[in-house]
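Biologist: Please take a close look at one part of this model and walk me through its surroundings. I would like the terms explained as you go.

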Amino acid sequence: MPQEVGDERRMLAAGIDAAITVFGGFGIAMRLADDKTTGTYWTYVAICFFGVSFVHHVLGAVLFRATVGKFLLFTRVVRADDAGRPRFWRAVQRWLLGLTWLPMQPIWNWLGQDGEPYEDGCGLRYVRSKDLRR
């Protein structure tokens, strides 16, 4: 089994991916809702944000084994049991877990508890791409 990447690489990749999702979502929403009301604009923002996030995180993982951030940091998403390509529904579950787990971290810290990390969440893990070539 390939070696799992460290927390620093995971966080940096997540930061790059978050920037792509936020800027991509807002950029598309601004183009689509150029002359719309404020409520319609924010509806477009929410739809575009989740749409970009889904395409980037789920389809990127299934088709390329990586998002842009993971690709830039030589990291790939694999199944935890056999290092194979992620399957669609597992990638969807992992995406939904990320949408709920990450925003809860400030609340866990405020309560004085450590948010349980979600490595190997949904049977997927992040590994170094060079370890997959062996």
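Modeller: The account below follows one helix, its packing partner, and the core it contributes to. The model is predicted, so local features are described where pLDDT is at least 70 and side-chain atom pairs where it is 80 or more, whereas totals for chains, interfaces and linings take in all residues. Residues are numbered from 1 along each chain as its sequence is written, and side-chain values use heavy atoms, with hydrogens and water left out. The mean pLDDT (the predictor's confidence in each residue, from 0 to 100) is 86 for the protein, with 90% of residues reaching 70 or more.

The part in question is helix H2 (38-64), where helices are DSSP runs of H or I of at least four residues and strands are runs of E of at least two, numbered from the N terminus. Its partner is helix H1, residues 7-32, and the two pack at about 140 degrees with their axes 8 Å apart; axes here are lines fitted to C-alpha atoms, for helices over the stretch in contact, and angles run from 0 to 180 degrees between N-to-C directions. H1 and H2 are therefore oblique to each other, since angles under 35 degrees count as roughly parallel, over 145 as roughly antiparallel, 65 to 115 as roughly perpendicular, and the rest as oblique. Residues of H1 that make the contact (heavy atoms within 4.5 Å) include Asp 17, Ile 20, Thr 21 and Phe 26, and H2 contributes, among others, Tyr 41, Val 45, Cys 48, Val 52 and His 56.

His 56, in H2, deserves a closer look. At 12% relative accessibility His 56 counts as buried, a word that means under 20% relative accessible area, with exposed over 50% and partly exposed in between, for a 1.4 Å probe and protein chains only. Leaving aside neighbours within four places in sequence, His 56 touches Asp 17, Ile 20 and Thr 21, and also Ala 61, Thr 67 and Val 68.

Ala 61 also belongs to the largest nonpolar core, whose 10 residues include Val 58, Val 62, Ala 91, Trp 95 and Leu 124; such a core is a set of buried Ala, Val, Leu, Ile, Met, Phe, Trp, Tyr and Cys residues joined through side-chain atoms within 4.5 Å. The elements giving two or more residues to this core are H2, helix H4 (88-110) and strand S2 (124-128). Apart from this core lies another of five residues, among them Ala 33, Tyr 41, Val 45 and Cys 48. Ala 91 contacts Val 58, Ala 61, Val 62 and Leu 124, when neighbours within four places are set aside.
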